[in-house]
Amino acid sequence: MRTTSHARRATLALSVIATILAPAAPALAAPPPPRADLRADVDRDGRVDVTGATDDAGEDTWTPARGAVFLPNIDDDTKRCPTADPRGRPLPDAALAACNDAADTRVNGTPDAADLARVRSVPMKNLPASATGTLRVVAGAKNTRVFVKRGTGWTWVTAATRLTAAELRAGVEFGVEATDVVRDPRLWGGRAVLRLTVAAGSATTSDDVTLRVAPLLTHHHLQAAQQVLVTRVPGTDPFARAQQAFVRGLAAEAKAAGVGHPLFTFERYDDIWAQDFVEPGYVSMTGPDGRRQAIRVMLRSAQPDRESGRELFERLRGKGIGVVQVSGVRESEEWTLNSMGNLETVPPYTHAGRSFPAGRIIMGERGDTGSKPALAMRSLLQAQGFQDPLLLDTSWLHVGHVDEFVQFLPAPGTPRGWRIGVADPEAGLRLLRDAQKAGYGGTRMFSVPGSADLPAPKETIDQALASKWLVADNTMAAQRIRANLDVLKRETGVTDAEVVRVPALYTRGTEQGERGDRVPRLTRLGAGDPPESVTEYGQQKRLAREEGRSAARGPAVMTSAYVPGAVNGLLLGGDRYLAPRQWGPVIGGEDVFTAAVTAAYTRAGLRVSYIDDWSTYHLGMGEVHCGTNTLRDASAAWWQG
């Protein structure tokens, strides 16, 4: 035992001596300072990945398919924006447009916070307590606002804002909004670059991330209708009663088609053309819960003197709904072409190397005079970078809107998923000629009943076919429609088999040169007024000329619908279509135009119903579509088609 103990002590002593004599081991190297790493939702799944690499790759670039998106926060979630001054006087248009949630430096409640795109910093472990951080917008700062999440609230990030070491260690959450949509790429192309800089002693590290503001997009007919908009005219005169009956019938049709929300009725300005003073659109991104976060955007027509557009600010703007209007519209730009019935959207398609996953806008121009929709509006739409407006020739139409002759119809199960519907004047002429050959030439052309206020038309089929202009006008209309269809086929790849041809007839009418664009009525029909004054179009056209709103001179022949234009109807559901009642010749107890129109849409897989718009819209050179509008589903990802 003793010998063993002595040996152990000797060994221990030798070990101590060896340790003392051995060279000192180098001290452990200090860990490198952590690197700043800023992340955004680059893959658009609604989650900012701070642990993996899904949102790291490509964070400095942006493409239509990949890259972080933020919203122009132009709604009014708390309804705080005034529409009148303290003395009750209506605010001017510019003041109405200047107020929205992005006009202040606060986050106005939970709904407003949901409109902020999230950006996060990766937690910086082992950061010294003396470290600080800053967040700057190094590109797009004039149009971008950033907030930092602190506790349960959001604080506006300014040049003086400092992030603490504790915040940076835990990871910081930011919320980003744009103060407007893209309007002119020369001034701002929609991109924002955020830079996080962290200073620790003498060491500095930084990281950038790029976002792009969501494009303002118009709806297409593959998006389900969720609410129908229409103007309701007050009063008890014949026109008001007819228009109120139209609104009641429209409400019943929308409900039967499964449209979830009740009608929204415009009621302040007596502008019956609800299609024309506004184009509903939307902006969207993926929200933190993975669902689409959308703001509806009411795009006001480029007609500054059209007061009805004010109601968009006064009654529609609110939670999840904003309004955009353009400025700088020149008086020389033709007033009628700036109505939104002259803006429709082709559903998504890819053709000839070009892809339009959110659809493509079409608008009408007057090819003979060179008149186009307002440059300010076309520039705004072009600046979004997604729906590249395509111009069609509408110079053969008196009002000049694309909705008078073309539409786009859902077609589930087909390669494209949609078809083009066009008015077919040749088919309309055939219906009359066939009836005449069968011995029905003496049948009244129109079956609409008359009244003391509005006598029924008396012409017969024979008289219509023998008129000086009807055949020539419809031959011309057919040629013009065919030329426009050729443009659409070339641009989209649509074939003849994907075209739905709907019987129609056009006429230059007895008031050629007196009627103008579908504009608000100045007065309503009174006893003893002639039928032409049902919507006072002669008076409105003269007023338009006197005010210099329409400088273009039209061609020798401009037409409008003779029989109510069936393509100028309203798509209420995937298979539900509401057309204007035809009031055509009745032969053997059947309206021949109604039968032919129903057959055309039935072959296209649609169920058709009809509503009377004769005195309310048709005589004013418009139809059901012109007098209505729709808010549609915006939940689909616009970058995927």
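Which element gives the largest share of the lining of the second largest pocket? Keep that in mind while you load the model, which is predicted.

**Stop 1: the second largest pocket**

Select D180, R183, Q325, V326 and S327. Of the 25 lining residues, these lie nearest the centre of the second largest pocket. The pocket has a volume of about 580 Å³. Now colour α2 (93-98), β16 and α7 (375-383), the elements that each give two or more residues to this lining. The largest share belongs to α2, with 4 residues. By residue class, the lining of the second largest pocket holds 12 nonpolar, 7 polar and 6 charged residues.

**Stop 2: from β16 back to β15 and β14**

Stay with β16, residues 321-324, and add β15. The two strands pair in the parallel sense, over 4 bridges. Zoom in on M298, which stands opposite V323 in β16. Next, trace the connection: the chain leaves β15, passes through helix α6 (residues 310-316) and arrives at β16. This β-α-β crossover is right-handed.

Now show β14 (residues 278-286) beside β15 (residues 292-300). Here the pairing is antiparallel, over 9 bridges. Pick E279 and find L299 opposite in β15. The two strands make a hairpin, with 5 residues between them. Stop in the turn at G290, where phi is positive, about 90 degrees.

**Stop 3: the largest cavity**

Keep β14 on screen and add β17 (343-346), β22 (406-410) and β32 (628-632). Each of these four strands supplies at least two residues to the lining of the largest cavity. Select H221, Q275, E344, H625 and R632. Among the 21 lining residues, these lie nearest the centre of the cavity. The space inside is about 260 Å³. Its lining divides into 6 nonpolar, 11 polar and 4 charged residues.

How many cavities of 30 Å³ or more does a search of the whole structure find? The search finds 3.

**Stop 4: the second largest cavity**

Select E404, Y506, S560, A561, G565, N568, H618, M621, G622 and E623. Together they line the second largest cavity. The volume of this cavity is about 70 Å³. Its lining counts 3 nonpolar, 5 polar and 2 charged residues.

**Stop 5: the sheet that holds β22**

Return to β22 and show β23 and β24 with it. The 3 strands form an open sheet in the order β22-β23-β24, with mixed pairing. Why is one side of β22 and of β24 (499-503) left without a neighbour in the sheet? Both strands stand at the edges and have a single partner strand each, so one side of each stays unpaired in the sheet. Look along the sheet: the twist averages 30 degrees from one strand to the next.

Focus on β22 and β23 (residues 418-424). These strands run antiparallel and are joined by 5 bridges. Select F408 and look for I420, which stands opposite in β23.

**Stop 6: the helices on that sheet**

Add helix α10, residues 470-492. Helix α10 packs on the sheet and touches β22, β23 and β24. Its direction makes about 170 degrees with that of β23.

Finish with helix α12, residues 592-603. Helix α12 also packs on the sheet, touching β22 and β24. The angle between the direction of α12 and that of β24 is about 170 degrees.

Conventions: Residues are numbered from 1 along each chain as its sequence is written. This is a predicted model: local features need pLDDT of at least 70, side-chain atom pairs count only at pLDDT 80 or more; totals for chains, interfaces and linings use all residues. Side-chain values use heavy atoms; hydrogens and water are left out. Two strands pair if DSSP finds at least two bridges between them. A crossover is right-handed if, with the strands pointing away from the viewer, the path from the first strand over the helix to the second runs clockwise. On a 1 Å grid over the protein atoms alone, a cavity is a set of points where a 1.4 Å probe fits but cannot get out, and a pocket is an open set with protein on both sides within 12 Å along at least five of seven lines; lining residues have an atom within 4 Å of a point. Grid points are joined across faces, edges and corners, and a volume is the space filled by probe spheres set on the points. Ala, Val, Leu, Ile, Met, Phe, Trp, Tyr, Cys and Pro count as nonpolar, Asp, Glu, Lys and Arg as charged, and the others, Gly among them, as polar. Axes are lines fitted to C-alpha atoms, for helices over the stretch in contact, and angles run from 0 to 180 degrees between N-to-C directions. Contact means heavy atoms within 4.5 Å.
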